[in-house]
Amino acid sequence: MAARLDRIDLKILRLLQNNGRLSNAELAVSVAISPATCHRRTQRLFEDGFIAAVRAMVAPKKVAKGTLVMVGVVLDRSTPESFAAFEQAIAKLKVVLDCHLVAGDFDYFLKIRVGDMDDFNRIHGELLIALPGVRQTRTFFVMKEVVDNAPLEF
């Protein structure tokens, strides 16, 4: 990382990570470079994949998605084909915010936001257990979000 990013690039990344709404002019002032140079550097950070996307973080409760659910999934077989089929199917489900292949007791962990327990019960019964290769799911309702989507340290 150090070979490709200098201290100005790192500062741009940190600032944008904390506030994606900064204008190019504000960003340029904060890192003490010209707006044109700042724009070129920021564009390069996008093009080189250091910045994957910029989007608003919507308050879940404000849009009736205040219940956070983590779901552990165990597949019936541990083969490349069964993993691929599951991953292809899960990627199509808009209700799934995150899906991670993990080591341990589960094959995958899913992060899902719903309105309430009834909403999740419907999603579980209609979508999750119907996914290819699913043998078992274990559901964890989040009681309190202590840290969520924290900025990366670098």
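Which residues does the UniProt annotation "domain: HTH asnC-type" cover? I looked this up first: the unreviewed entry places that annotation on residues 5-66, and I keep in mind that the model I am reading is predicted.

I then took the secondary structure over residues 5-66, where the chain is 53% helix and 0% strand, and where the end C-alpha atoms lie 38 Å apart.

Next I turned to Gly20, which I found in the loop that runs between helix H1 (7-18) and helix H2 (24-31). Gly20 has a relative accessible area of 42%, so I enter this residue as partly exposed. I also noted that Gly20 and Arg55, although 35 residues apart along the chain, have C-alpha atoms separated by 7.5 Å.

For the domain division, I recorded domain 1 as 7-48 and domain 2 as 60-141, with 36 Å between the centres of domain 1 and domain 2 when these are taken over C-alpha atoms.

I went on to the nonpolar cores, of which the largest has 19 residues, and those with the most contacts inside this core are Val71, Val73, Phe86, Leu110, Ile112, Leu128 and Leu131. At least two residues of this core come from each of strand E1 (67-75), helix H4 (80-90), strand E3 (108-114) and helix H5 (117-128).

I checked Ile112 in particular and, leaving out residues up to four places away in sequence, I found that Ile112 touches Thr67, Leu68, Val69, Val71, Val95, Val96, Phe120 and Leu128. Another core, of 13 residues, lies apart from the largest nonpolar core, and I listed Leu5, Ala28, Val31 and Leu45 among its members.

Note on methods. Residues are numbered from 1 along each chain as its sequence is written. This is a predicted model: local features need pLDDT of at least 70, side-chain atom pairs count only at pLDDT 80 or more; totals for chains, interfaces and linings use all residues. Side-chain values use heavy atoms; hydrogens and water are left out. UniProt positions are given in the numbering used here, feature names are shortened, and annotations may be inferred rather than shown by experiment. Helices (H or I, at least four residues) and strands (E, at least two) are DSSP runs, numbered from the N terminus. Buried means under 20% relative accessible area, exposed over 50%, partly exposed in between (1.4 Å probe, protein chains only). A nonpolar core is a set of buried Ala, Val, Leu, Ile, Met, Phe, Trp, Tyr and Cys residues joined through side-chain atoms within 4.5 Å. Contact means heavy atoms within 4.5 Å. Domain bounds come from an automatic or database domain assignment.
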